[in-house]
Amino acid sequence: MHLINADLHSHSDVSDGTLSPEALAERAHARGVELWALTDHDELGGVARAREAALDLGLDFLAGCEISVTFAGESVHVVGLGVDPADEALVAGLQAIRSGRRERAERMGQALAAAGIPGAFEGALRYVGNPDLISRTHFARWLVEAGYFAETHEVFRHYLAAGKPGHVPHHWAGLGDAVRWITGAGGVAVIAHPARYRFSPTAEYALFSEFVAHGGRAVEVVTGSHTVAEQLQYADTALEFGLLASRGSDFHSPDESRVDLGALPDLPGRLTPVWPALAGRIQRA
């Protein structure tokens, strides 16, 4: 079970990926993934399609989502694995988060116009299937297409990260709310890509302490944005807080993602993987 090729963090075009749930399932299967989760941002709309496609291919599947959280003034993401996509509290919570996205995007467009880049909001909408799920990634794709930058990573560094001209802060869900929605829906809550957050050691300790106190059970140790040193760092964190270890590429697009589906290294052997704890929630092919 420890060496299973599990990819438990990926995004379809239902949120900010570029592939349909069906195409994502096909790509995961073709690249040797044995257990796959779709974890779209604040959305469960692609889960049924992903599950059907995965099971048709002989690929074991976990229903999931990635919830946007505000903690200590920073945006943090909590992945829910093995959730019931029909759970009323989870569905209502995600709807509440989505309701603020369009307003935030309109303000981002205004901020970019003030910085000399007009038409960004309308341009970003061209990349969105559901306007309620418009995100910074959609702005980044338009800015690349419009010739302002060569790749999306540059857009984030220069315009969309905190403190940059196009960044608009937003208050997402509370950490406790997100964890309770996930656990109430039968799932396991996972702190996603922890090395991406710009916390001091004290704030990070508070994040993990509160996460565990609310019922969080796992952390992504191996993920597309973690270096080897960061994998080792968060392996230690998992052991310190008694957390299970998760593994996911955070795949969004063949042209943008740093790591493809199925291409991650194994979890460090001293850790306990999250998937045995989800055995009863895995939908088997």
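Guide: Two strands pair if DSSP finds at least two bridges between them. With that in hand, let's look around this model, which is predicted.

Visitor: Okay, in what sense do strand β4 and β5 pair?
Guide: β4 covers residues 74-81, and four bridges join this strand to β5. One spot to look at is Leu-81, which stands opposite Val-188 in β5. Over those four bridges, the sense of the β4-β5 pairing is antiparallel.

Visitor: And in what sense do β5 and strand β6 pair?
Guide: β6 runs over residues 218-223, and two bridges connect β5 with β6. Val-190 has Ala-218 as its bridge partner in β6. The sense of the β5-β6 pairing is parallel.

Visitor: Through which helix does the chain cross from β5 to β6?
Guide: Val-190 in β5 and Ala-218 in β6 are bridge partners. Between the two strands the chain makes a right-handed β-α-β crossover, and the helix on that path, residues 201-214, is α9.

Visitor: Which residues of strand β5 point the other way from Val-188 and Val-190?
Guide: In a regular strand, side chains alternate between the two faces of the sheet. Strand β5 spans residues 188-191, and its residues are buried whichever way they point. Val-188 and Val-190 go one way, and the other way go Ala-189 and Ile-191.

Visitor: Zooming out, which are the edge strands of the sheet?
Guide: Seven strands make up an open sheet with mixed pairing, in the order β1-β2-β3-β4-β5-β6-β7. An edge strand here pairs on one side only, and that picks out β1 (6-7) and β7 (244-248).

Visitor: Over how many bridges do β3 and β4 pair?
Guide: Phe-71 is a handy landmark, as it stands opposite Glu-74 in β4. The β3-β4 pairing is antiparallel, and its bridges number eight.

Visitor: Within what arc do the buried residues of α2 fall?
Guide: In α2, residues 47-57, the buried ones are Val-47, Ala-50, Ala-53 and Ala-54. Looking down the axis, they line one face of the helix, because they fall within an arc of 135 degrees.

Visitor: Which exposed residues sit on the face of α2 turned away from its buried side?
Guide: The buried side is covered by elements including α1 (21-30), β2 (35-38) and β3 (60-71). Turned away from that buried side is a face carrying Glu-52 and Asp-56.

Visitor: Which buried residues does α1 have?
Guide: What covers them includes β2 and α2. The buried set of α1 is Pro-21, Leu-24, Ala-25, Arg-27 and Ala-28. They sit on the same side of α1, because the arc they cover around the axis is only 165 degrees. So the names to mark on that side are Pro-21, Leu-24, Ala-25, Arg-27 and Ala-28.

Visitor: What phi does Gly-58 take just after α2?
Guide: There's a similar glycine to check just after α1: Gly-32, with a positive phi of about 85 degrees. Just after α2, Gly-58 takes a positive phi of about 85 degrees.

Visitor: How far apart are the end C-alpha atoms of residues 6-71?
Guide: An unreviewed UniProt entry annotates this stretch as "domain: Polymerase/histidinol phosphatase N-terminal". The span is 32% helix and 27% strand, and its end C-alpha atoms are separated by 28 Å.

Visitor: Is Arg-101 buried or exposed?
Guide: Arg-101 belongs to helix α4, residues 101-114. Beyond its sequence neighbours up to four places away, Arg-101 touches eight residues: among them are His-41, Asp-42, Asp-132 and Trp-172. The cut-off for buried is under 20% relative accessible area. At 6%, Arg-101 therefore counts as buried.

Visitor: What is the centre to centre distance of the aromatic pair Tyr-205 and Phe-241?
Guide: The whole structure holds eight aromatic pairs. In this one the planes are 55 degrees apart, which makes the pair tilted, and the centre to centre distance is 5.3 Å.

Visitor: How many residues apart in sequence are the parts tied together by Tyr-205 and Phe-241?
Guide: Tyr-205 is partly exposed at 47% relative accessibility, whereas Phe-241 is buried at 16%. Tyr-205 lies in α9 and Phe-241 in α10 (residues 228-241), so the parts they tie together are separated in sequence by 36 residues.

Visitor: Why is the pair of Phe-208 and Tyr-234 stacked?
Guide: Both Phe-208 and Tyr-234 are buried, and ring pairs link them with Tyr-205 and Phe-241 into a cluster. Planes under 30 degrees apart count as stacked. The Phe-208 and Tyr-234 ring centres are 6.5 Å apart, and the pair is stacked because the angle between the planes is 25 degrees.

Definitions and conventions:
Residues are numbered from 1 along each chain as its sequence is written. This is a predicted model: local features need pLDDT of at least 70, side-chain atom pairs count only at pLDDT 80 or more; totals for chains, interfaces and linings use all residues. Side-chain values use heavy atoms; hydrogens and water are left out. Buried means under 20% relative accessible area, exposed over 50%, partly exposed in between (1.4 Å probe, protein chains only). Contact means heavy atoms within 4.5 Å. A crossover is right-handed if, with the strands pointing away from the viewer, the path from the first strand over the helix to the second runs clockwise. UniProt positions are given in the numbering used here, feature names are shortened, and annotations may be inferred rather than shown by experiment. The arc is that of the directions from the helix axis to the C-beta atoms. Rings of Phe, Tyr and Trp (its six-membered ring) pair if their centres lie within 6.5 Å; planes under 30 degrees apart count as stacked, over 60 as edge-to-face and the rest as tilted.
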